[in-house]
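Good morning, and thank you for the time. I should like to take you through one structure, and I begin with a term that we shall need along the way.

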Amino acid sequence: MEYADAVAVYRELEETDADLEKVEILAEALAAADPDELGPLVGTVRGKVFEPWVDADLGVSSSLTAEAIETATGVSGEEIESVWRESGDLGDAAAWAVDNAAQQSLFSEPLTLRRVHDSLRELADYEGAGSQDRRVDEVAGLLSDADPEEARYLVRTALGHMRLGVGDGTTREAVAAAFLDGGDGAAAAVERAHQLTNDLRLVARTARDEGREGLDDLGVELFRPVQVMLAKKAEGLEDGVESVADDPESVRAEYKYDGARVQVHVDGDRVEVYTRRLETVTEQFPDVVAAVREHVTAERCLLDGELVGYDDDGEPVPFQEFSRRIRRKYDVAELAEEIPVTLHLFDVLSHGGESLFDRPLSTRLSHLEAAVAPADGAVELVAGRRADDLAATRSFYQSALAAGHEGVMLKNLEASYQPGNRVGYMMKAKPVMEPLDLVVTRAQWSEGRRSDYLGRLFLGCRDPDGGFAEIGRLSTGYTDEELAALTDRLTDHVVAEDGRMVDLEPAVVLEVEYEEIQASPEYGSGYALRFPRFLDVREDFAPADADGLERVERLYDEQ
Ligand code: AMP
């Protein structure tokens, strides 16, 4: 497939907002793709060149890309930067630079989708001294063979900013329309195959080559992570128990741990650990691998659980602290000693080669007990109990909070495992934090679709010296209209601008909700809000009415 043809498909997809049209466009393109380019097409329309669980980073930053554009076109860095700043999209700047190139490539080789896709994948393998220069050369090499439109999408793909509005759902529908005879059954078969394999390329290929039957035969396979089942939020403990099943006898309450969701795949000595986002983190957790080898007795199984870091007093460490272990790629053993973790297991999705997705939770829990020989502080089975007695469940909830955990999960014991879904078989109940009123201190222009907006807002609380101490960064919770209105208002208060960052005089107060307050050196206040969300503008508030550091400290202590 010529890259120009793929680009024509990207453009068509980008130009329509209508989902049905996107499905039609993509279905037609998938049906027409060359056999070995189906995978790259399925990947790139969603902005991806790797399967979700592959632990690879292209290592392509905005500045590296700008340098590659300069190398390929001879257009000066300042000019590229200025177009980039104006449009907010380096892809647009690349298209402009190719159109205005000061130099022509001598040996132009036509671009194919395969070439672009494979070359980008190779970037992830570059290591060591000179690897950044090689990346610049490789991207520049592709760009010098590209026309302006090709350059635009090539850069967006390399940066992971494709944003065609094609998600997994659209792709699944397109696969069903392209290769199966349509209908609800077809869409459901594709969806199920995707949830179990997590590999839309494989799903598309199987649908094309083997049809429905082939899809139905696809199942969970060890070392190919599955999408985990997600929870819905309960309005409180009672609401949670009532919503999860009609009969409280069928409800189980478990501690809700605040760490990282992991699935652990085991086959003999081979153990791999994946995150909820399906990334491989095995290397970061050699202690967990060793503990699993020792305490998981099943020869082959796929386990679902939460990794939690603990301090010397046996208290769970805040997520922010624990997350250092997820990110750390060097001196891993040292950090493992500093922040030891416990693997709390709460589900098993395959055991001894048998898939357990369709079995009720009660059966899966029996399998879990059979698969693991728990050991305190290393591999533990989740603390849980039947939730048929509300008073007892309430004291169980209190004991979870007293032990430093987040709250409880309520689960339907009769329900099957629904990968990737929030179907209401699993509800979380935890205390709600009171919203804070905070001042916007700085802001950053967004990139991509929202580049006309100040989409990232730094928030401050009043500090005892009469100034404002930052406590977090807000980027969700507002609609485009709300963000446009906020941007208008904030731009009246700009005091300094540096690249995409703007400093603001304290003027606008926002009401913000969040999940938790954490101690953090990242912000001047010494605290950070976890998952802050915009609720409202406090029209009637002056900055002096915003919440002060003392309230943040009190809420932190109380949570
Ligand atoms: P939330 O991230 O607030 O939507 O809550 C769902 C997350 O809670 C899951 O993805 C798990 O990472 C975590 N979790 C903690 N304890 C449990 C448990 N006992 N059962 C299921 N998930 C749990």
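By buried I mean a residue under 20% relative accessible area, and by exposed one over 50%, with partly exposed in between. Please keep in mind throughout that this is a predicted model.

Let me apply the term to helix α20, which runs over residues 549-558. Which of its residues are buried? They are Leu549, Arg551, Val552 and Leu555. These residues span an arc of only 160° around the axis, and therefore sit on the same side of α20. The face turned away from that buried side carries Glu550, Asp557 and Glu558, which are exposed.

Helix α1, residues 3-15, can be read in a similar manner. The helix has 13 residues, and from its first C-alpha to its last it reaches 18 Å, close to the 18 Å expected at 1.5 Å a residue. Its buried residues are Tyr3, Ala6, Val7, Val9, Tyr10 and Leu13. Why do they fall on the same side of α1? The reason is that they cover an arc of only 155° around the axis. As background, an α-helix has 3.6 residues a turn, so residues three or four places apart point the same way.

I turn now to the ligand. It is surrounded by 15 residues, and the closest are Tyr255, Arg261, Glu306, Lys411 and Lys428. By class, this shell has six nonpolar and nine charged residues, and no polar ones. Where in the fold do these residues come from? Three strands, β2 (251-256), β10 (407-412) and β11 (426-429), each supply at least two of them. The largest share, three residues, comes from β2.

As for individual contacts, a backbone N or O atom of tyrosine 255 is placed 3.0 Å from a nitrogen atom of the ligand. In the side chain of lysine 256, an N or O atom lies 3.2 Å from a ligand oxygen. For arginine 276, the corresponding side-chain distance to an oxygen atom of the ligand is 3.3 Å. On its own the ligand has 500 Å² of accessible area, and the protein covers 91% of it.

Next, two backbone details. Most residues other than glycine have a negative phi. Asparagine 198, however, has a positive phi, near 60°. This asparagine is in the loop between α11 (183-197) and α12 (200-217), and it is buried, with a relative accessible area of 3%. Aspartate 331 also has a positive phi, near 45°. Its place is the loop between α15 and α16 (332-338). Is aspartate 331 buried or partly exposed? At 43% relative accessibility, it counts as partly exposed.

I close with two residues and their distances to other parts of the chain. Threonine 280 lies in the loop between β4 (270-275) and α14 (286-295), and is buried at a relative accessible area of 17%. Its C-alpha is 9.4 Å from that of proline 52, although 228 residues separate the two along the chain. Arginine 327 belongs to helix α15, residues 319-327, and is exposed, with a relative accessible area of 56%. Between arginine 327 and alanine 415 there are 34 Å in space, C-alpha to C-alpha, and the two are 88 residues apart in sequence.

Thank you; I shall be glad to take questions.

Note on methods. Residues numbered from 1 in each chain as written. Predicted model: local features only at pLDDT ≥ 70, side-chain atom pairs only at ≥ 80, totals over all residues. Heavy atoms only, no water. Near = heavy atom within 4 Å. Polar contact = N/O pair within 3.5 Å; in protein donor to acceptor, adjacent residues only side chain to side chain. Areas by Shrake-Rupley, 256 points an atom, 1.4 Å probe, with all protein chains shown as cover. Helix = DSSP H or I, 4+ residues; strand = E, 2+ residues; numbered from the N terminus. Nonpolar A, V, L, I, M, F, W, Y, C, P; charged D, E, K, R; others polar. Expected span 1.5 Å × (residues − 1). Buried < 20%, exposed > 50% of the residue type's maximum accessible area, 1.4 Å probe, protein only. Arc of directions from axis to C-beta.
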